[in-house]
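Trainee: I'd like to zoom in on one small part of this protein and see how it sits among the rest. Please pick a residue and walk me through it.

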Amino acid sequence: MAAATPSTPASNTAAGTPQRVYFISLGCPKNQVDSEVMLGEVSQHGHTIADTAEDADVIVVNTCAFIDAAKEESIDTILEMAEHKKHGGQKLVVTGCLAQRYAADIAKDIPEIDHILGSADFSAIASIIGPGAPTPATAKPAAKGKGRRQLPVIKVSETPAYIYDATTPRVRIGKGHTAYVKIAEGCDRPCSFCIIPKLRGPQRSRSIEDIAREVTQLAGQGVKEINLIAQDLTRYGWDLEGRPTLAQLLAAIAHTDGIEWIRLHYTFPSAFSDELIDIIAKEPKIAKYIDVPLQHISDDMLKIMRRGHSSRVTRALVQTLRERIPGVVIRTTFIVGHPGETDASFEELYNFVKEAEFDHMGAFTYSVEPGTHAAELPDQVAPKIMLARQERLMELQRQISLRKNEARVGQEMDILIEGVSDESEYLLQGRWYGQAPGIDGTVYVADGTANPGDLVRARVTQGSDYDLAVTMEL
């Protein structure tokens with residue numbers, strides 16, 4: 001959960017009294033970008049951002065609905081924010097994936113909500129938070145009558161179509177030296193377990209020119225690290241005229257002044273091209289870091305999951321990345337307990353993880369998502385078995401990570417400084433290129449001074465399960 005305060009002043013004045021708006025952003029970095037766009041819209045229309053819900057006139061909750069745990073967190077957060085209306089009378093706005101999927105349900109069950117915006121309708125935020133602001137023409141207000149309560153106003157597009165561009169106002173959340181850039185929205189893949197295409201709509205890519213313009217703007221704001229994100233990064237441009245490629249996009253931004261690292265998130269294993277691998281290998285500013293969710297290795301499971309490739313493709317890709325990109329760090333994720341996963345197919349996955357020795361790995365238990373193909377499949381796996389498989393796989397990865405980090409002792413590496421350590425005021429903390437923000441661990445830095453956003457040279461002195469300790473004294 002993240003609350004946000006704008007770092008830039010409002011540029012316009014909204015009609016009526018400016019409102020104080022409190023934002024809560026849940027879920028993935030793609031959701032974070034949406035929240036940053038809403039912050040930009042609100043700020044540009046003359047409203048201010050409140051530091052707490054108690055100080056706000058309007059509370060906005062940007063929700064996630066990817067798995068059960070995310071849905072539960074979203075509902076709990078909405079209910080918590082709804083409590084504030086009993087005392088302060090604030091307006092409550094709910095947007096994001098939960099709103100897209102369950103608008104009617106949450107409108108019925110949580111009457112404290114005033115407005116519901118779908119996953120591609122959040123750009124209307126500024127028009128609904130001001131006093132007396134008109135209801136959007138496509139909204140559907142609840143019927144009124146004697147003895148009936150007013151239900152939330154719902155604006156949810158049946159097929160999400162919006163994506164921001166470089167001209168869209170945006171106020172970033174978090175560290176000033178790192179930023180997420182969403183290069184495409186939506187997804188066209190038919191993976192059995194995934195509800196994202198229904199929540200986010202079909203794939204729609206931004207142009208290379210527009211993305212390059214945004215990267216240049218971010219560099220001018222002091223950003224040093226660009227994290228490219230999409231539902232399916234490697235299919236970038238397939239929906240555009242001329243079918244520009246991810247490799248062409250990287251070539252267009254790889255020499256942007258001020259940018260030190262460009263990081264790729266959410267690549268798909270079957271869509272890697274030689275052109276893409278070559279540009280990652282040769283361009284120094286492109287981090288040698290590949291985030292490629294593999295989900296499984298068993299051919300039977302890959303077929304059931306509708307992944308569209310075989311275990312042979314996966315094994316060949318891992319080998320090729322390591323052979324052609326010196327120093328490459330590979331992050332991946334797997335799903336355990338998907339319907340149809342047998343003891344034998346799990347053992348195949350376990351042995352593959354042991355053999356492949358990924359630098360970073362996450363294992364997630366399958367979550368039943370109504371409306372997906374997998375939800376209707378037979379051979380559902382018991383929760384107890386799923387959890388046991390997850391724990392076993394993560395313990396294996398912990399051992400692999402520890403061994404890899406201990407092997408880095410004595411190496412010199414560049415560290416992007418984040419700030420003073422959370423562990424001690426006498427240490428700095430940062431990340432090397434093999435660690436993505438928020439998910440891959442930390443580097444603790446001793447014997448030196450630096451500012452957030454600085455790239456410093458250091459030597460590894462200690463490695464633990466997921467973190468490193470370094471010294472700047474070389």
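Mentor: Let's start with a word we'll need: two residues are in contact when heavy atoms of theirs lie within 4.5 Å. Keep in mind that this is a predicted model. Our residue is S35, which you'll find in helix α1, residues 29-44. Leaving out residues up to four places away in sequence, S35 touches S25, N62 and I173. S25 deserves a second look: its side chain and that of S35 are joined by a polar contact of 2.7 Å. Is S35 buried or exposed? The cut-off for buried is under 20% relative accessible area. S35 has a relative accessibility of 1%, so it counts as buried.

Now let's move out to the nonpolar cores. In soluble globular proteins, nonpolar side chains tend to be buried together. Here, the largest nonpolar core holds 75 residues, and I183, L228, L250 and L393 have the most contacts inside it. Take I183: not counting residues up to four places away in sequence, its contacts include L228, I229, L233 and L246, and also S205 and R206. Another core lies apart from that one, with 27 residues, including L98, A99, I106 and A107.

Next, the sheets. Strands of a sheet pair through backbone hydrogen bonds, either parallel or antiparallel. One sheet in this model is open and has six strands, in the order β8-β11-β12-β13-β14-β15, with parallel pairing. At its edges are β8 (178-182) and β15 (360-365), each pairing on one side only. On average, neighbouring strands in this sheet are turned by 20 degrees against each other, if you ignore direction. If you want to trace one pair, follow β8 to β11 (residues 225-229): they run parallel and share five bridges. One spot to look for is Y180, whose bridge partner in β11 is N227. Helix α8 (residues 274-282) lies across β12 (261-264) and β13 (286-291), at about 135 degrees to β13.

Finally, hop over to a closed barrel: five strands running β16-β17-β18-β20-β19, with mixed pairing. Its neighbouring strands are turned by 50 degrees against each other on average, direction ignored. Within the barrel, β19 (residues 455-463) and β20 (residues 468-471) pair in the antiparallel sense over four bridges. For a landmark there, find Q462 and look across to its bridge partner in β20, A469.

Definitions and conventions:
Residues numbered from 1 in each chain as written. Predicted model: local features only at pLDDT ≥ 70, side-chain atom pairs only at ≥ 80, totals over all residues. Heavy atoms only, no water. Core = buried A, V, L, I, M, F, W, Y, C linked by side-chain atoms within 4.5 Å. Buried < 20%, exposed > 50% of the residue type's maximum accessible area, 1.4 Å probe, protein only. Helix = DSSP H or I, 4+ residues; strand = E, 2+ residues; numbered from the N terminus. Polar contact = N/O pair within 3.5 Å; in protein donor to acceptor, adjacent residues only side chain to side chain. Pairing = 2+ DSSP bridges. Axes fitted to C-alpha atoms, helices over the stretch in contact; angles between N-to-C directions.
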